[in-house]
Each structure stands twice: as C-alpha cells, then as structure tokens.
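Notebook, one sitting. I looked up the sheet, then the helices against it, then the ligand.

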Amino acid sequence: MDVSLHEADVGHTEELTRLYSENRAYLRKWEPERDPSFFEPETQRRLLAEIDRRRREGRQWTALIHNGHDYVGYMTLNHIVWGALRNCRIGYWVSQRHAGQGIATAAVARCLDIAFGELGLHRVEASVRTDNPASIRVLENNGFRLIGLARAHVFLEGRWHDEWLYERSEPGPFM
Ligand SMILES: CC(C)(COP(=O)(O)OP(=O)(O)OC[C@H]1O[C@@H](n2cnc3c(N)ncnc32)[C@H](O)[C@@H]1OP(=O)(O)O)[C@@H](O)C(=O)NCCC(=O)NCCS
C-alpha cells in the first residue's frame, strides 16, 4: 500500500479542515470536546502554525497521512523530550471512510521509521482506550509492548476512561 506521511504545515489548512469536518462525529468518541470554531480554516491555520513552531523547537512532529490518492488521516509525535530520555507520545486517526484498509498500521510504521531515524528518538509511548480494539491492533502490529493499565486516564465524552499504556523502543537490543 502506498501510504506516506506529509509533514504538516500551514499549506495543509484546507485539507485538514476538510478531514476534521468530514470526521467530526466519528472522532467525537476519541478526541477532546471541540469548540465549533475548531472546524473553521482560520483555527486550523493557527493550529498548524503552532505545530510548525513546536516542530522547530523539537517538541512535536506532525504529519498528514496520504494513501497515494488523497489525505486520509493525521499522525503526531508530541510531548517530545530530549536529554537522557529521547521519548515521545504517538497519536493518530484515519478517516472513517478509509478505515480497515491497513492505513493506520502502515502509517505508524512510517512514523516509527522517522521517529527512530531522522528525529533520533529512542522510545515512543502510546495510550489507548481499552474499548478501542482497532487501535490496540495497530500498536501490536507495530511491535508495541504493553506496559500496563492506567485507570481513569483520559476524560472523553463526559467521563474518565481506562487506557492501556504501550511502549516501543528503537530497533536494536532494547526491543
Ligand atoms: C484506530 C484507527 C486509527 C485504525 O485505523 P485503520 O486504518 O482502520 O487501521 P488498520 O486498518 O491499519 O488496522 C486495524 C486493525 O484493527 C482490527 N480491527 C478493526 N476493528 C476491530 C474490532 N472491532 N475488533 C478487533 N479488531 C478490530 C483490524 O482487523 C486490523 O487488525 P489486523 O491488521 O491485525 O487485521 C481508526 O479506526 C481511527 O482513526 N479511529 C478513531 C481515532 C482513534 O481511535 N485513534 C487512535 C487513538 S489511540
């Protein structure tokens, strides 16, 4: 499959606004509550500019997922810390109408190559709601190891949810 990651910048404002708008109801279960203004191009442009600033500071790396024809999702490495840890957290989503085609699995693989390659990170953490079997599979497909259960870890849809915590180290003796 021809899945690639295009580093996000303000030039993606229109595409990202479209993607978020098309998936507004779909993502409600998995993302923080959004103000209606979030779905307007001006807000997305501002957020993309902020993402670009954090990229230049080495604190975040974000991309749009492309399937060879169109932009179909979002991938981010955030909470990047350097020093003795070289650690980050991964987050992603794929458009509802492109689900179940292996896109997230392939996109996370590409993202790990970037994290451990050009970015020089050592470890990637993920947390996933216990009622999200598709995302759990995406992590397992990519060699993430289960660390444990974090109780009441994320507040979504008006209540706290438990999450599984996963980790993936760079290829080599640590894996
Ligand atoms: C989770 C998500 C990214 C998966 O994207 P995707 O492109 O459909 O994922 P893939 O096609 O690469 O893989 C999906 C895997 O989940 C499995 N799966 C899908 N639905 C499932 C279910 N209800 N129960 C068990 N497994 C399921 C598929 O069989 C596949 O596993 P396999 O490769 O071992 O067969 C997508 O559904 C999404 O964006 N969801 C909303 C946001 C979200 O959950 N983000 C992640 C937060 S941690």
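I began with strand 4 (residues 87-94) and strand 5 (residues 123-129), which run parallel and are joined by three bridges. Cys-88 has Val-124 of strand 5 as its bridge partner. I count two strands as paired if DSSP finds at least two bridges between them; strands are DSSP E runs of at least two residues, helices H or I runs of at least four, numbered from the N terminus.

The model is predicted: local features need pLDDT of at least 70, side-chain atom pairs pLDDT 80 or more, while totals for chains, interfaces and linings use all residues. Residues are numbered from 1 along each chain as its sequence is written, and side-chain values use heavy atoms, without hydrogens and water.

Next I traced the whole sheet. It is open and mixed, with seven strands in the order 1-2-3-4-5-7-6. Strand 1 (4-7) and strand 6 (145-156) are the edges, each pairing on one side only.

Then the helices. Helix 5 (residues 133-141) lies across strand 4, strand 5 and strand 7 (159-169), contact meaning heavy atoms within 4.5 Å. Helix 5 runs at about 160° to strand 5; axes are lines fitted to C-alpha atoms, for helices over the stretch in contact, with angles from 0 to 180 degrees between N-to-C directions.

Last, which residues are closest to the ligand? I found 21 around it (a heavy atom within 4 Å), the closest being Val-94, Gly-100, Gly-102, Thr-105 and Asn-132. A ligand oxygen is 2.7 Å from a polar backbone atom of Gly-100, a polar contact being N or O atoms within 3.5 Å.

Note on methods: A polar contact is a pair of N or O atoms within 3.5 Å; within protein, one must be able to donate a hydrogen and the other to accept it, and residues adjacent in sequence count only if both atoms are side-chain atoms.
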